[in-house]
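Trainee: Got a minute to go through this model with me? I'd like to start with how two helices pack.
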Amino acid sequence: MRVSNKILFFVLDGASDRPVGGMTPLQDAVTPNLDKLADTGISGIMDTIAPGIRPGSDTAHLSLLGYDPYKYYTGRGPFEAAGVGIDVEAGDVAFRCNFATLKDGNIVDRRAGRIRETSELARSICEDVDVGMNFIFKESTGHRAAMVIRGEGLSADVTSNDPKKEDKPMKEFHAGSPEAEKTAKILNDFVAQSIKVLDGHPVNVERINAGKPPANVILLRGAGLVPNIRPFEERYGLKPAVVAAAGLVIGIGKMCGMEHIGYDGGTGGVDSDVKGKVKTAINALEDHDYVLVNIKGADEAGHDGAYEKKRDFIGKVDEAFANVLDLTDTMVVVTADHSTPVSIKDHSADPVPIMINGDGVRVDGVGAYNEIDAANGGLHRIKGMDLMHILLDLINRTEKFGA
Ligand code: ZN
Ligand code: ZN
């Protein structure tokens, strides 16, 4: 008898949807491989957080990994910071940042003309800004960056300097509680000093000469306290890896102690190399017990409200699944972190389909992978936080409760 002892976990980000003209993109897409997995596996639907709760990708992924988002999620900053490669530590206060353009006190471009060449600017900020407290500032893709502040007496209970709209005055940081006053002061000081460093920086001089908006200010938001997270391997006894392009998902994986396995396949959007990503994940199973794969394109199409684009991307994902059918000692899981209905162009709380395929699962009557058929499956309706327990039990790694 074969026994599945590894877990290959696919998150088709935002693939779940509502019917448009009677069909969801998943129902409409050509998915022979996913359907075959459903046919020989067990299906169900899942509330990744709880019924009626609209998940973000970050909170949903935490839940799918068995980390209660209500306990571990204090803001997006920590996961973004970990995702760009900052070695965050419990107690750090972290932010996601934008390079932006400031003119006469107003933020005139929140993305500084979608600047790309930010590494020199980031380095100058790290070298020349002194706020009397350790901080790490690191550029990410495009106009994005992340920052952590490290030290005693910090708090994430602060407002943002981002006016959220263009041609509005930049805001000051304010403390939401007395304990956060020191942090707000550090942040205001950081922004004032970084404006001086960025103003007249050779990179910006060159941009102005080329008629482009200078990246002369940093906007910081998504403040969060880095939580104390018990590593995945210690908790579950499985050696984990994450294959993803989205910084947020990489950051969540890293904070849970997963090895990030990069691949050269684009940004994870609809144009990315899904086959390469799936192959990378399968290879990672050789020396890992649990591999999380995030495939982003369907979410992007959902936010765009692009039905055909979403349906066709799902078809492209299915083609990449041809190799997954041949795996023998692996529990294959396919789900989504949330629904991103094209009709609302944002995440919704509609439950997502989940399918588990591997030795020992009670194969049910579901023969297609989509939201509607999955609801008739043997898993019925589960919560995201239950999933790790169910998977651990299917690979016979759970401890008995009682005698
Ligand atoms: Zn998502
Ligand atoms: Zn989304």
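Trainee: How are H11 and H13 oriented to each other?
Mentor: H11 and H13 are oblique, a word for angles that aren't under 35 degrees (roughly parallel), over 145 (roughly antiparallel) or 65 to 115 (roughly perpendicular). The axes of H11 (residues 274–284) and H13 (residues 307–320) come within 8 Å and cross at roughly 40°.
Mentor: Keep in mind this is a predicted model, where local features need pLDDT of at least 70, side-chain atom pairs count only at pLDDT 80 or more, and totals for chains, interfaces and linings use all residues. Residues are numbered from 1 along each chain as its sequence is written.
Trainee: Which residues of H11 and H13 make the contact?
Mentor: Counting heavy atoms within 4.5 Å as contact, H11 brings Val-274, Lys-275 and Val-278, while H13 brings Phe-313, Lys-316, Val-317, Glu-319 and Ala-320. By class that's 5 nonpolar, no polar and 3 charged residues.
Trainee: Switching to the metal: what are the protein donors of the zinc ion (ligand 2)?
Mentor: Asp-299 donates through two OD entries, and His-303 and His-347 each through NE2, at 2.0 to 2.4 Å from the zinc ion (ligand 2). Donors here are N, O and S atoms within 2.8 Å of the metal (3.2 Å for Na, K and Ca), and water is not among the atoms, so sites may look incomplete.
Trainee: How are those donor residues spaced in sequence?
Mentor: The pattern is D-x3-H-x43-H. Asp-299 and His-303 sit 4 residues apart in helix H12 (residues 297–304), so about one helical turn separates them.
Trainee: And how far is the zinc ion (ligand 1) from the zinc ion (ligand 2)?
Mentor: They're separated by 4.5 Å.

Note on methods
Chains lettered and ligands numbered in written order. Heavy atoms only, no water. Axes fitted to C-alpha atoms, helices over the stretch in contact; angles between N-to-C directions. Helix = DSSP H or I, 4+ residues; strand = E, 2+ residues; numbered from the N terminus. Nonpolar A, V, L, I, M, F, W, Y, C, P; charged D, E, K, R; others polar.
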